[in-house]
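Here are some notes for a colleague who has not looked at this structure before. The points go from the annotated positions to the ligand surroundings and end with a part of the fold away from them.

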Amino acid sequence: MPIATPEVYNEMLDRAKAGKFAYPAINVTSSQTLTAALQGFEEAESDGILQVSVGGAEYWSGSTKKDRVAGSLAFAAYAREVAKNYNVTVALHTDHCAKQNIDSWIRPLMELSAEEVKAGRDPFFQSHMWDGSAVPLEENLEIAKEMLALTKASNTILEVEIGVVGGEEDGVVGEINEKLYTTAEDGLKTVEALGLGENGRYITALTFGNVHGVYKPGHVKLRPEILGDIQKEVGEKVGKDMPFDLVMHGGSGSSAEEIATAVRNGVIKMNVDTDTQYAFTRPVVDWMLKNYEGVLKVDGEVGNKKQYDPRAWGKAAEAGMAARVVEACERLGSAGTKM
Ligand SMILES: O=C(CO)COP(=O)(O)O
Ligand SMILES: O=C[C@H](O)COP(=O)(O)O
Ligand SMILES: [Zn+2]
Ligand SMILES: [Zn+2]
């Protein structure tokens, strides 16, 4: 299917909210991981979201080039071509954009998309995240207002982060503390600043102990029930039932029950990276260990071209990651819901 148009993306998000399911948003850093995500969505009969981080975008441009705008456009162009052959609809998103990356990353992307829209074409991406978690809430929301005007002009949707996602982000490891849990007061300030859609559509990462990466049991305490409390409290104040379209970060390592509670409370997008990274790499490890003598030129031998051809182990890697994407679709309830 073609990449979701802005209209189709809006419809996807509305269907998820009404149907109480969420889309996996899979971080991809290469054509192989992108293929794996598409394969997983198709197998699960689920639509979905493909996203790039700033580091991922740089990698897409060539690991020695690190051109984040070129890499983002390359990802989008590649996805646009290959997605046509998969029987599901996907939307394209840029993940966490910290303040210092706005001018070198999402602002130019949104400006380029706005030109496309003016010329009667679709934007390059369907949504962009502004991550203001490193600045005070007032500044986060001031910048969010400006970003919302830009996403509106480029016919895209904004994602904001209210509260803090813990763990590693852009190579920086944050602390685990009370900032990882958004309050209803901060939720209300968000609606007061950004409105309820009249200024442009936005989706919100309210945090409930989410952490990037996977840790040993006991390290992370997810409290997805607070999302329901915030929806209720803010909803009563602004006169709208379930006012937030929510995003869950740090999907890896979360239990089926935690995910189900989050989805019940309005999560419609869940980001998964670490678990799909591992699912991609694990079969490669297996392949290399089992085919040791073929992938290496041992003792003066010539190895086995059929075993060291990157397509051979690449296909196994993609199948492993696709299976993890299917699992995400099942846990989020998006399996079998494709348009
Ligand atoms: O939130 C994420 C990307 O924004 C992904 O987090 P995980 O790596 O923990 O799945
Ligand atoms: O920010 C969270 C994602 O897992 C992206 O990670 P990354 O910055 O290593 O690409
Ligand atoms: Zn953040
Ligand atoms: Zn995240």
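1. An unreviewed UniProt entry lists G213, G250, G251, S252, N271, V272, D273 and T274 under "binding site". These positions span 62 residues in sequence, but no two of their C-alpha atoms are more than 11.1 Å apart, so they gather at one spot. Please keep in mind that this is a predicted model.

2. Ligand 1 has 14 residues around it, and H249, S252, N271, D273 and T274 come nearest. Of these, S252, N271, D273 and T274 are also among the positions listed in the UniProt entry for "binding site". Strand 11, residues 267-272, supplies at least two residues of the shell around ligand 1, and helix 10, residues 274-290, also supplies at least two. By type, the shell around ligand 1 holds ten polar residues, three charged ones and one nonpolar one.

3. Where does S252 lie? S252 is in the loop that connects strand 10 (246-248) and helix 9 (256-264). There are 23 other C-beta atoms within 10 Å of S252, and 20 or more make a residue buried, so S252 is buried. Setting aside neighbours within four places in sequence, S252 is in contact with G213, V214, V272, D273, T274 and D275. Among these contacts, G213, V272, D273 and T274 appear in the "binding site" list of the UniProt entry.

4. D273 sits in the loop between strand 11 and helix 10. Is D273 buried or exposed? D273 is buried, because 25 other C-beta atoms lie within 10 Å. Apart from neighbours within four places in sequence, D273 is in contact with N27 and S252.

5. Ligand 2 is surrounded by N27, S53, G55, G56, D95, H96, E169, D170, H212 and D273. D273 is thus listed here and also among the residues that come nearest to ligand 1. The shell around ligand 2 has no nonpolar residue; six of its residues are polar and four are charged.

6. D95, one of the residues around ligand 2, is covered by the UniProt annotation "active site", again from an unreviewed entry. D95 belongs to the loop between strand 3 (90-94) and helix 5 (102-118). D95 counts as buried because it has 22 C-beta neighbours inside 10 Å. Beyond four places in sequence, the contacts of D95 are N27, Q51, V52, S53, M129 and N271. Of these, N27 and S53 are also found around ligand 2, while N271 is one of the residues nearest to ligand 1.

7. K290 offers a contrast in setting. K290 is placed in helix 10, the helix that supplies at least two residues of the shell around ligand 1. K290 has 11 C-beta neighbours inside 10 Å, so it counts as exposed. The C-alpha atoms of K290 and G250 are separated by 32 Å, with these positions 40 residues apart along the chain.

8. Three strands make an open sheet with mixed pairing, in the order 7-6-9. Strand 7 (172-173) and strand 9 (211-212) are at the edges with a single partner strand each, so one side of each has no neighbour in the sheet. Strand 6, residues 166-169, runs antiparallel to strand 7 and is joined to it by two bridges. Within this pair, E168 is opposite V173 of strand 7.

Note on methods: Residues numbered from 1 in each chain as written. Chains lettered and ligands numbered in written order. Predicted model: local features only at pLDDT ≥ 70, side-chain atom pairs only at ≥ 80, totals over all residues. Near = placed C-beta within 6 Å. Helix = DSSP H or I, 4+ residues; strand = E, 2+ residues; numbered from the N terminus. Nonpolar A, V, L, I, M, F, W, Y, C, P; charged D, E, K, R; others polar. UniProt positions renumbered as here; feature names shortened; annotations may be inferred. Buried ≥ 20, exposed ≤ 12 C-beta atoms within 10 Å, placed from the backbone. Contact = placed C-beta atoms within 7 Å. Pairing = 2+ DSSP bridges.
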